[in-house]
Each structure stands twice: as structure tokens, then as C-alpha cells.
Amino acid sequence: MDLAPFVKSGLISEALNLWLAVPIGFLFGFGLYHAGFTDSRKIAGAFYLKDVGVPVVMFSAIAAGTIGLWGLGLAGFLDLSKVYFLPTYLAPMAVGGLIFGVGMAVGGFCPGTAVASIATGRVDAMVFLVGFLGGSLVFGDFFPVWGDFYRSDFREAARLDQVFGNSLGLDVLLIVLAAIGGSLLMRAGQRYFWRTPADQMLSRAQVMKYEAPVVALAVAVAAIGAFVPTTSFVPSRPEPYYIIERQAGPPIAASPVVRPATPDVPAQPAAPAKRREGC
Amino acid sequence: DLKVEVQRGPRATASGRLVGAVFGGALTGFAARLARGCTSGEGLVGAAQLSLGAWVFLLCIFAGGFATAYFVRKEWI
């Protein structure tokens, strides 16, 4: 079938693909607000195990996304070789993650929630966004200092099941189970450290009524998928279809000035072999 | 709700919270550039794609957050 990604199979135009971001963003902000993530105290509370709503929602989103992504690929609906796969730059992502965590603890937001919180009038979110733009500006203006680090440690498109050698379905099941286990662990930690009163946390009856069916369904779907051989439809190494990776050239830090007119402009057709055709 | 306020913990001052917001924002902005993504795009989507870098990114976010939580506790609790 291979209907999706819609824009790649020609079902919708590229302009419509971009315009669809508006309702999707609307739903995103809507969901963020109703989950309470526009409150910086809730986001920062996760790091004190005071309010673990944020990590629990993140884990559930990862579980739902991974089941959906690979499930749709298994069903033939989604052409997995056309989905943009995130390239892995291990060292910059690790260091970036650490700094990001520090920033989240100090500032109390992550970029998406900050923008959603601005709409509710919170001044601290506006100030956070100003600082955010400033940080990005600093990154760009002093790029030669960390330019080489930014491009170091490139692992192509490393996927977890390839790194550890498991089958894909097994890894999906493990991730779903880890998400459930992590959520339970964090909730237990919240109950232990903060003794939140019973009306603020879900009672056992509510959990059984609302959450347990969904969790059981997710585990069941993932378990079924774990025993389906996936080598038939998953590309062995998904090629990220655009990596702007400049080949060769001297290290950036050694150049006296950041070259504005580099010979390997991405739009060139005679590009290095790493380039893939994009949109 | 639409309320113009500065949300902060019970022991923090408004100006202290705003200073923290600027610093946190600068660190987050820099780190989002360095890691080529933020939690929504790279963390959640990348983790759903089982991308190694995205998982490392997510784990490091939690590590960094938990490590600094103690030092900014006056801001939040």
C-alpha cells in the first residue's frame, strides 16, 4: 500500500504538508495545556519526583509512537524507508542532553512547553523564550569554537535494535515495558517522597478503569509484534534522506573566518556522496 | 486560563525566578542547537524511532535535570 508519509507518496502536496503543521501544532498546544504542562512548577517538579506527570506522559508518548510507527510499517501503510530518521551524533547529543537537563531544571521549561505557556500569559515563559533565542544566537555566533565538536562522532543512523542485535519487535516490546515500568517507578517515588494526598493522585479504582485497559492493549499489540519477523519490511539501515554533511575540508576551528560561500552549498546537484535527495 | 503572572515555587521571588528563566533558557537554547533537537522533536520522535542518539539525549536530560535539581531547590520547592 505505502500510503504514508503522505507527502512522499504524492497524496498531498508539499504546501499542504506544511499547512498541516498548523492544526497539528494546535492539537499539540491543546494537549500540553490540558496535561498541565504550561506550568513550569509541574515540569521542574519532575526532577524532585514531586510531580511526575511530565516523564509519565513522555514515556507513554514514546510507547504509543513506537508501536504506531513500526506497526504501521508492518501493516504496509507506512513506507519506512521514506521516513526521516534522526542521524546520531553521539557526543554532541550526550553533552547537549546534559546541558539541556540543567537548563530545564533551572528554567523550568522545555522549548515546546515554553511557547505553549506564553499563550497563557506566564511571564516566566516569555523570559525563558528570550533567553532561549539568546542561547541559540550565542551558539551561532561563536560557532567556530564548537564547530568541530558539533560534527563529531557521527554514527549514521544507528538504531537500537541494530546496536544491540535484537529483533525489532523485541525492542519495541522492551520499550513499551520499560515505559510502563518507568512510569510505575516514578509514581511510586512520588508517593514515597512526597506523600501526595489521595485526591491528587489517581486512586487504584481509577487506574484500573482508565489506564489499565490502554496499557494492556499496548502490551498486547507489542507482544504480538515481537514475534513477527520484521526483516522483510524494515530497511536494514534506514538512510536518513537528507544529511547535510560537508565532506572533507579543513577543520572549522582552524579557519580564520567562517566561510560564507562554501563550495559545497547543499543545493548543488554535484554534491558529496552522503547527500540524499530530499523533498 | 489566561493569567499574567510569574509562576514560581513557594520560596522563590519573582525576580529570582525570572533570572532563573533567562539562564535556563540560554542553556536550553544552546543545548538544543548542539544536540540538533529538543525533547519533542528529537527526544520523543527519535526515541519512538529507536534512534540511539535520541535515547542518549533523553537519558542525559534526566541525568542533568536530577543533578541540578538540588542546587535550584529554592526556586521550586
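**Notebook: the A–B interface and its salt bridges**

I looked first for charge pairing across the interface, and between chain A and chain B the count is one salt bridge, the term standing for a side-chain nitrogen of Lys or Arg within 4 Å of a carboxyl oxygen of Asp or Glu. I keep in mind that this is a predicted model, in which local features need pLDDT of at least 70 and side-chain atom pairs count only at pLDDT 80 or more, while totals for chains, interfaces and linings use all residues. Residues are numbered from 1 along each chain as its sequence is written, chains are lettered from A and ligands numbered from 1 in the order in which they are written, and side-chain values use heavy atoms, with hydrogens and water left out.

**The bridge across the interface**

I found that the pair consists of Arg17(B) and Asp124(A), whose closest N and O atoms are 3.2 Å apart. I then followed Arg17(B) back into its own chain, where Glu75(B) also forms a salt bridge with this arginine, the closest N and O atoms being 3.0 Å apart. Glu75(B) sits in helix H4 (residues 73-76) of chain B and Arg17(B) in helix H1 (residues 14-34), so the pair ties together parts that are 58 residues apart in sequence; helices here are DSSP runs (H or I) of at least four residues and strands (E) of at least two, numbered from the N terminus. I noted that both Glu75(B) and Arg17(B) are buried, meaning under 20% relative accessible area with a 1.4 Å probe and protein chains only, where exposed is over 50% and partly exposed lies in between. Asp124(A), Arg17(B) and Glu75(B) are thus entered as a network of linked salt bridges.

**The rest of the interface**

I recorded 75 residues from chain A and 64 residues from chain B in the contact, which is defined by heavy atoms within 4.5 Å. The buried area between the two chains is about 6,000 Å², with carbon and sulfur atoms giving 73% of this value; the figure is the accessible area (1.4 Å probe) that the two parts lose on being put together, summed over both. I also listed 14 residue pairs in polar contact across the interface, both residues at pLDDT 80 or more. (A polar contact is a pair of N or O atoms within 3.5 Å, one able to donate a hydrogen and the other to accept it within protein, and residues adjacent in sequence count only if both atoms are side-chain atoms.) On the chain A side, helices that each supply at least two residues include H2 (21-34), H4 (53-75), H5 (90-107) and H10 (168-194), and the largest share, 17 residues, comes from H5(A).

**Salt bridges within chain A**

I counted four salt bridges over all chains. One of them joins the side chains of Arg41(A) and Asp39(A) at 3.2 Å, N to O, and Arg41(A) is partly exposed, with a relative accessible area of 37%. Another joins Asp51(A) and Lys42(A) at 3.3 Å, N to O, and here Asp51(A) is partly exposed at 23%.

**Single residues and chain B**

I checked Ser117(A), which lies in helix H6 (residues 111-118) of chain A and is buried, with a relative accessible area of 0%. Residues up to four places away in sequence aside, Ser117(A) touches Thr38(A), Phe109(A), Arg122(A) and Ala125(A). Gly68(A), in helix H4 of chain A, is instead partly exposed at 30%. For chain B, I noted four helices and zero strands, with buried residues making up 55% of its 77 residues.
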